[in-house]
Amino acid sequence: MPQAPAITDLEQLKNHPAVARLSAWNAAAIQGVKFDRDEMTIYVERGSIREACALLREDAACPFNFLSDITCVDWYPNEPRFEVIYHLLSMSKKERVRLKVRLESSSTAVESLTSIWPGANYFEREVFDLFGIRFTGHPYLRRILMPEDWEGYPLRKDYPVEGYR
Amino acid sequence: MAHMTPTPVLEPGQDRTMILNMGPQHPSTHGVLRVLLEIDGETVVRLMPDIGYLHTGIEKTCEAKFYQQVVPLTDRIDYLCPMTNNLCYVLAVEKLLGLEIPPKAQWLRVLLNEMTRINSHLVWLGTHAMDIGAMTVFLYCFREREEILKMFEMVSGQRMMTSYFRVGGIALEPPLGFFDRVRDFAGYFPEKVDEYENLLTGNPIWLMRTKGVARMTAEDAIGLGATGPTLRGSGVDFDLRRDMPYSSYEKFQFKVPVSQEGDVFARYMCRVQELRESIGIVRQALDGMPEGPIKADAPHVVLPDREKMKTQMESLIYHFKIITEGFAVPAGEVYQAIESPRGEMGYYIVSDGTAKPYRVHMRAACFANLQTLATMCEGRLLADVVAAIGSIDIVLGEIDR
């Protein structure tokens with residue numbers, strides 16, 4: 001089935017509520033946008049993610065009040081290696097948006113969202129546990145799924161599927 | 001095994017408190033949940049769940065499988081609602097592929113999903129009531145659940161790990177007599193729900209154990225990422241089936257039960273009413289079941305019928321290629337969420353254009369819902385922890401993945 005090609009032009013997408021809100025606040029924080037398969041992705045500059053989420057949560061027109069998910073993708077051996085992915089949901093407008101932060105393998109730290117949504121706690125711990133991304137300001141950044149003394153980060157692409165033997 | 005050592009450790013806050021370890025082999029923790037409790041007499045001061053005992057690295061395993069080989073793995077995440085997991089995964093892959101699914105397959109998926117919801121809620125009701133001390137309900141619930149499992153066996157050959165849905169449709173036509181059996185079940189099931197309610201809803205002991213217990217406000221529930229009946233029990237009217245429909249749910253009429261109190265009883269009422277709504281959807285699906293194919297017209301993705309495969313060269317080639325090489329999925333990413341019995345089940349799949357997913361992430365409803373436990377229980381009595389754990393309907397397989 002032929003798919004409509006992804007739109008990556010910021011001009012065409014500026015009417016999307018999340019894009020409009022963020023570009024009105026700080027256009028430099030938006031590093032790129034993508035509209036593909038009816039899903040909106042915004043690449044956010046890494047230092048701005050917490051403030052961007054706080055703004056989107058309080059937006060009057062379309063409040064993205066619910067944090068659905070936080071996860072990560074490892075693009076090893078490419079740089080920037082990691083993408084931390086946030087899925088926000090607006091319960092009133094029934095709208096989703098995906099925020100992405102790109103991280104170089106040399107500094108895998110990003111601000112924690114636990115001060116905005118306490119529910120980010122477990123999701124961030126999971127990403128820390130399986131990818132080794134550090135969330136600054138997290139109240140209890142410890143391993144959650146793997147044993148406490150586990151070495152390595154299993155979901156990284158340079159970690160073998162069978163584990164180390 | 002680091003889990004043998006008691007980590008994470010809570011330090012007692014004051015001289016008067018002590019640490020109590022609950023689980024992981026405690027019968028009321030529904031699997032292997034370990035809860036560390038700091039208690040002051042009978043009052044819970046702090047609560048910390050410790051999870052990961054069932055972690056099997058399913059997300060990593062998915063990266064080494066073809067797209068169609070991931071379907072059986074999804075059953076094993078949440079063993080109480082296999083069909084909803086199957087559905088969420090295949091919907092996500094179909095969105096990546098841009099596949100059009102025939103109406104009959106969509107309606108069958110809705111029908112089986114609601115049966116799965118009933119199945120899951122029955123297990124929840126039985127075990128939750130047994131945790132609080134009402135033994136009889138468990139036996140009643142498992143009586144009806146057995147019938148559902150037999151129907152699952154009819155369509156898929158398996159009672160629990162069904163793997164019935166395929167990318168592009170469903171595996172097989174349901175066998176003769178299946179719809180009659182479902183109709184029969186849909187006919188008598190509402191009376192059975194009355195039976196459960198007779199045992200519990202007005203029962204003074206049940207009310208004392210559940211009313212006003214483990215309260216959670218709507219703001220807390222949203223902030224902590226709660227979804228499903230755990231969220232709706234706190235008065236937030238949000239259901240993905242109605243608000244962001246998938247698999248033609250928009251063609252069905254149903255109410256979304258919401259309770260305002262935010263206590264164990266409110267969540268109980270939400271789920272019991274959902275049982276009635278679900279059987280209503282099952283009935284609508286039976287009455288309006290469209291005719292037509294059950295698989296999409298996409299030979300490079302959907303396996304051909306056995307008959308065609310044995311008689312037509314082209315089908316044989318497609319069959320061989322799908323089995324040996326999988327099917328390539330265009331590069332891209334999707335997040336597909338559905339309303340599982342426990343809340344928002346989401347699949348985030350990244351494709352790099354090959355026949356194996358680059359990344360599969362499962363947003364498990366219970367994983368987020370479990371975070372609400374501390375809010376519910378801190379400052380409450382120790383015995384209420386058991387009621388609270390039951391009321392958020394956790395499945396540890398889904399939490400740990």
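This report describes confidence, the nonpolar core and two helices in a predicted model.

Residues are numbered from 1 along each chain as its sequence is written, and chains are lettered from A and ligands numbered from 1 in the order in which they are written. Because the model is predicted, local features need pLDDT of at least 70 and side-chain atom pairs count only at pLDDT 80 or more, while totals for chains, interfaces and linings use all residues.

The model scores ipTM 0.91 and pTM 0.90. In chain B the mean pLDDT (the predictor's confidence in each residue, from 0 to 100) is 88, although pLDDT stays under 50 over residues 1–7 of that chain.

In the largest nonpolar core (buried Ala, Val, Leu, Ile, Met, Phe, Trp, Tyr and Cys residues joined through C-beta atoms within 7 Å), which has 160 residues, A:V84, A:I133, B:V93 and B:A388 touch the most other members. Helix 4 of chain B gives the most to this core, with 14 residues. A residue is buried if 20 or more other C-beta atoms lie within 10 Å of its own, exposed if 12 or fewer, and partly exposed in between, with C-beta atoms placed from the backbone. Helices (H or I, at least four residues) are DSSP runs, numbered from the N terminus.

| Helix | Residues |
|---|---|
| Helix 4, chain B | residues 103–132 |
| Helix 3, chain A | residues 49–58 |

Of the 30 residues of helix 4 of chain B, 25 are buried, so this helix is largely enclosed by the rest of the structure. Just after helix 4 of chain B, B:G133 takes a positive phi of about 120 degrees. In helix 3 of chain A, the buried residues are A:I49, A:A52, A:C53 and A:L56.

Methods
Helix = DSSP H or I, 4+ residues; strand = E, 2+ residues; numbered from the N terminus. Contact = placed C-beta atoms within 7 Å.
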